[in-house]
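Subject: Structure handover

Hello,

Here is the structure I promised you. Please open it alongside this email. My notes follow below.

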Amino acid sequence: MDADRWDERYRTAERVWSAEPNVWVVREAAALEPGRALDLAAGEGRNALWLAGRGWRVDALDFSPVAVRRITEEPAPRAGSVNAEVVDVTRHTPEQGAYDLVLLSYLHLPREQMEQVLESAARAARPGGTLLLVGHDISNLEHGTGGPQDPEVLSSVDQVSGVWQPLAEILVAEVARRPVDGTFALDTVVRAIRR
Ligand SMILES: C[S@@+](CC[C@H](N)C(=O)[O-])C[C@H]1O[C@@H](n2cnc3c(N)ncnc32)[C@H](O)[C@@H]1O
């Protein structure tokens with residue numbers, strides 16, 4: 001979906017995603033020492049704002065101006081900060097080696113584009129920094145609920161690990177079951193440490 005379609009989707013509701021951070025982001029990032037974070041395709045900022053509340057200085061990028069405005073309209077977090085910008089992450093090379101945490105939460109792009117973004121995301125982390133991807137897993141199509149229905153854009157542990165392995169040590173690589181309305185969704189969760 002392009003930025004205009006995302007804008008339209010965001011305009012359909014005051015809030016499209018929950019205000020709470022994603023459950024896997026909380027599980028994987030809660031114990032990290034706050035520093036500088038990059039949230040690629042940050043949406044309305046649920047994860048970026050949660051991180052900032054814990055002291056992180058977050059660069060939150062998304063190509064939907066409507067979503068980015070929602071982040072900037074939130075009251076400034078007391079502890080850290082969020083710098084939200086309208087950016088197409090497929091046309092942007094983030095500063096290399098700059099971040100203690102690079103997060104991708106439910107960014108779904110055609111395979112080749114996604115792999116390019118995954119690689120530049122990995123390069124944006126400093127040595128020892130954390131890479132974290134959460135996405136709708138390809139197995140969700142048959143065994144889970146919700147999420148995009150196009151297999152070309154769904155994520156998999158093999159895809160993410162394949163791109164990150166040469167650059168990072170993979171610590172978590174799983175298909176995780178997320179409860180949704182009495183059933184569950186299957187999410188790819190990969191956490192790695194940049195070499
Ligand atoms: C499913 S939402 C997830 C938002 C957020 N990460 C979260 O977990 O709440 C996907 C987001 O990806 C953004 N997006 C999709 N393609 C993008 C691109 N090429 N550049 C920047 N943002 C993009 C959309 O605007 C949308 O906000």
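In which strand does Val172 lie? Val172 belongs to strand β6. Please keep in mind that this is a predicted model.

A little more on that residue. Val172 counts as buried because its relative accessible area is 15%, and the cut-off for buried is under 20%. Its C-alpha atom is 9.5 Å from that of Val157. Along the sequence, Val172 and Val157 are 15 residues apart.

Next, the ligand.

The ligand sits in the largest pocket. Two elements each give two or more residues to the shell around the ligand: α1 (3-11) and α3 (46-53). In total, 19 residues surround the ligand. The closest are Tyr10, Ala41, Arg46, Asp62 and Ser105. By type, the shell holds 11 nonpolar, 5 polar and 3 charged residues.

Three atom pairs are worth displaying on your screen:

- Ser105: a polar side-chain atom is 2.7 Å from an oxygen atom of the ligand.
- Asp88: an N or O atom of the side chain is 2.9 Å from a nitrogen atom of the ligand.
- Phe63: a polar backbone atom is 3.2 Å from a nitrogen atom of the ligand.

How much of the ligand's area does the protein bury? The ligand exposes 590 Å² when taken alone, and the protein buries 95% of that.

Now the loop between β1 (36-40) and α3. Ala41 is in this loop, and so is Gly43. Ala41 is also among the residues closest to the ligand. Ala41 has a positive phi of about 65°, although it is not a glycine. Is Ala41 buried or exposed? Ala41 is buried, because its relative accessible area of 18% falls under 20%. Gly43 is buried as well, with a relative accessibility of 5%.

Gly43 leads on to Ser64. The two are 21 residues apart along the chain. Their C-alpha atoms are separated by 7.6 Å. Ser64 is in the loop between β2 (57-62) and α4 (65-73). Ser64 is buried, and its relative accessible area is 0%. Which side chain does the side chain of Ser64 contact? The partner is the side chain of Asp7, in a polar contact of 2.6 Å.

A second positive phi turns up at Asp181. The angle there is about 45°, and Asp181 is not a glycine either. Asp181 is found in the loop between β6 (168-180) and β7 (183-194). Buried or exposed, in the case of Asp181? Asp181 is exposed, because its relative accessibility is 79% and the cut-off for exposed is over 50%.

One more loop residue to look at. Val16 is in the loop between α1 and α2 (23-29). Val16 is partly exposed, because its relative accessible area of 23% lies between the cut-offs of 20% and 50%. Val16 and Ala67 are 51 residues apart in sequence. In space, the C-alpha atoms of Val16 and Ala67 are 9.4 Å apart.

To pick up the main points again:

- The ligand is in the largest pocket, and 95% of the area it exposes when taken alone is buried by the protein.
- Ser105, Asp88 and Phe63 each place a polar atom at a short listed distance from the ligand: 2.7 Å for Ser105, 2.9 Å for Asp88 and 3.2 Å for Phe63.
- Ala41 and Asp181 have a positive phi without being glycines; Ala41 is buried, whereas Asp181 is exposed.
- Ser64 is buried and its side chain makes a polar contact with that of Asp7.

Best wishes

Note on methods: Residues numbered from 1 in each chain as written. Predicted model: local features only at pLDDT ≥ 70, side-chain atom pairs only at ≥ 80, totals over all residues. Heavy atoms only, no water. Near = heavy atom within 4 Å. Polar contact = N/O pair within 3.5 Å; in protein donor to acceptor, adjacent residues only side chain to side chain. Areas by Shrake-Rupley, 256 points an atom, 1.4 Å probe, with all protein chains shown as cover. 1 Å grid on protein atoms, 1.4 Å probe; cavity = no way out; pocket = protein on both sides within 12 Å on 5 of 7 lines; lining within 4 Å. Sits in = over half its atoms within 2 Å of the grid points. Helix = DSSP H or I, 4+ residues; strand = E, 2+ residues; numbered from the N terminus. Nonpolar A, V, L, I, M, F, W, Y, C, P; charged D, E, K, R; others polar. Buried < 20%, exposed > 50% of the residue type's maximum accessible area, 1.4 Å probe, protein only.
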